[in-house]
Amino acid sequence: MGVTLVIIFKSIIIGALVGFGVGAGAARMFHAPNVQGMGAFRTFGELNACEGDPISHFSFGLGFLFNAWASVVGAGALTQDVDHRIIPNWAAASLLWRNRDVTQTLHNPKKMAIAGAFVGVVVVTLLNSTASSVPASMQNVATQVLVPAANWLINPIMPIVFWIAAMDAGRRTGIWSTVLGGIGHLIMGNAVPGIVLGILIGKGVDDSGWNRITKTLVVAVAILYLLSGFFRGFDVAFLHSIQVEIPQWLIDLHKLFGSEVK
Amino acid sequence: MTDQSLKNRGFWFSEWAFPVFVATLCSGIFAGTHMYFVYHVGAFNDIAIVAMLEAGIKGGSYGAAAAFGASFLFARVLEGPLVGILDIGGALQTGIGIGVPAMLLGAGITAPLENFTLSLLVGALLGLLIGVVIIMIRRYTVAGSTSTFGADVMMGAGNAAGRYLGPLIVITAIMASIPVGIGATVGAAFFYAYKKPIAGGAIIGAMIMGAIFPILLK
């Protein structure tokens with residue numbers, strides 16, 4: 001019983017903090033780009049789609065609550081939907097119940113933050129406390145099934161899906177993503193980060209040309225690749241694979257940062 | 001979308017309130033990862049992404065989770081101020097909730113994830129930092145930039161990749177044992193019939209059958 005009480009206590013604090021931020025961020029989205037908002041484009045679209053009807057907002061959130069419950073019971077993961085869908089929609093529903101005017105409720109960061117904090121406490125505590133009471137043997141089954149499935153998803157499914165999406169998004173994006181993705185898979189072990197950066201650069205240049213932002217982006221990406229290549233020992237592994245002697249200064253440089261070159 | 005009197009609306013609409021909101025949210029998200037690390041519940045992310053961290057905790061490499069999380073954090077923090085909406089899923093839930101913990105654990109630093117109070121503090125500090133960075137980027141770049149930097153392409157790919165998880169879970173369940181495989185298949189079909197994501201049904205089905213007929217460990 002002791003552990004469950006601790007989980008409930010911590011979940012109340014976490015739920016309040018998360019709900020407060022999500023609520024305020026969601027309301028501020030309606031005033032973007034003049035005010036910096038926080039949420040997601042899909043959250044924004046879905047909140048609009050419910051058209052200020054409290055029952056629509058409530059049932060939309062409820063649908064994702066069941067999914068989040070299955071996920072947290074199985075794998076301990078609350079899903080991104082808790083922050084993206086359940087909290088904002090239920091906070092909106094609770095406010096719209098008494099006042100149907102969205103400009104005074106859903107679009108008001110103060111009211112949404114406070115409502116979000118209450119909803120967050122209820123949702124996070126409910127999900128975490130019921131999930132922790134599921135026997136460990138059942139959770140083990142889920143882990144045994146989920147971990148290999150997730151590993152496949154990470155590699156190769158996600159790289160392939162992102163890669164194809166990048167190639168379908170235009171020639172420039174396709175080229176940048178293919179190059180950065182391929183090198184990314186070599187250096188970091190997964191192509192997705194590289195492909196995402198390729199999409200950022202390709203689409204950024206497509207939309208606004210080579211300006212200060214896109215140039216800074218390319219420099220930042222180059223630095224990111226060089227640093228992660230160095231710290232993951234890619235330079236040494238590469239020289240090994242083409243049968244080149246590792247120069248002493250490189251070994252010393254690696255030693256300086258605390259990594260041993262074999 | 002238009003506000004004439006934004007300057008007069010005080011704290012809740014102000015620029016410097018933004019880091020405060022990011023800080024509270026990050027504090028909760030980071031503490032959620034602490035919950036997962038200690039009690040195996042409560043991580044604020046999807047199964048596929050949490051599983052990357054789990055792979056590291058179970059003795060594998062934290063590299064995938066760290067690289068994945070860091071790249072999302074980087075891309076979303078850059079995109080956030082340009083489009084006016086910071087993406088919670090990519091920047092905070094994946095970046096702060098998975099990427100940063102994976103980097104810390106990979107470096108052998110466990111204290112922020114083992115201690116609840118420390119996790120709240122570390123999360124809040126990281127959030128404050130991100131909020132300030134975003135406000136700074138907003139100030140120093142052209143606020144009127146029209147590019148979304150392919151956010152639509154990435155979101156489309158992200159959603160498409162997520163759809164693969166359901167069938168993958170059914171396949172791995174079938175590979176685990178016959179009863180678990182049957183459970184996952186029936187669960188997935190049931191959830192599909194009721195228009196729910198089939199990954200959830202597959203897991204529940206696998207768990208029920210796995211509880212009755214435990215998977216034999218080799």
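The legends below describe close-up views of a predicted model.

**View 1. Chain B, overall fold.** Chain B holds ten helices and one strand. Read from the N terminus, the order of elements is α-α-α-β-α-α-α-α-α-α-α. The C-alpha trace of chain B spans about 65 × 40 × 30 Å along its principal axes.

**View 2. Confidence along chain B.** The mean pLDDT of chain B is 84, and 92% of the residues score at least 70. Among the elements of chain B, H1(B) has the highest mean pLDDT, at 95. The lowest mean, 75, belongs to helix H7 (residues 151-163) of chain B. Residues 1-5 of chain B fall below a pLDDT of 50. Beyond near neighbours in sequence, that stretch has two contacts in the model. Where pLDDT is low, predicted coordinates should not be read in detail. For the model, ipTM is 0.78 and pTM is 0.75.

**View 3. The interface between chains A and B.** Here 83 residues of chain B contact 84 residues of chain A. Helix H1 (residues 17-39) of chain B supplies the largest share of the chain B side, with 13 residues. By class, the side of chain B that touches chain A comprises 55 nonpolar, 21 polar and seven charged residues. H1(B) is also the element of chain B with the highest mean pLDDT.

**View 4. Strand pairing across the two chains.** Strand E1 (residues 37-39) of chain A pairs with strand E1 (residues 85-87) of chain B. The pairing is parallel and runs over three bridges. Within this pairing, A:Met38 stands opposite B:Leu86 of E1(B). E1(B) is the one strand in chain B.

**View 5. Packing of two helices in chain A.** Helix H8 (residues 192-208) of chain A packs against helix H9 (residues 212-231) of chain A. Their axes lie 10 Å apart, at an angle of about 160°. That angle is over 145 degrees, so H8(A) and H9(A) count as roughly antiparallel. The crossing of H8(A) past H9(A) is left-handed.

**View 6. Residues where H8(A) meets H9(A).** H8(A) contributes A:Leu197, A:Leu200, A:Ile201, A:Gly204, A:Val205 and A:Ser208. Facing them from H9(A) are A:Ile213, A:Thr214, A:Leu217, A:Val218 and A:Val221. By class, this contact of H8(A) with H9(A) has eight nonpolar and three polar residues. Charged residues are absent from the contact.

How values were computed
Residues numbered from 1 in each chain as written. Chains lettered and ligands numbered in written order. Predicted model: local features only at pLDDT ≥ 70, side-chain atom pairs only at ≥ 80, totals over all residues. Contact = placed C-beta atoms within 7 Å. Helix = DSSP H or I, 4+ residues; strand = E, 2+ residues; numbered from the N terminus. Nonpolar A, V, L, I, M, F, W, Y, C, P; charged D, E, K, R; others polar. Pairing = 2+ DSSP bridges. Axes fitted to C-alpha atoms, helices over the stretch in contact; angles between N-to-C directions. Parallel < 35°, antiparallel > 145°, perpendicular 65-115°, else oblique. Left-handed = near helix turned anticlockwise from the far one by under 90°. pLDDT = per-residue confidence, 0-100.
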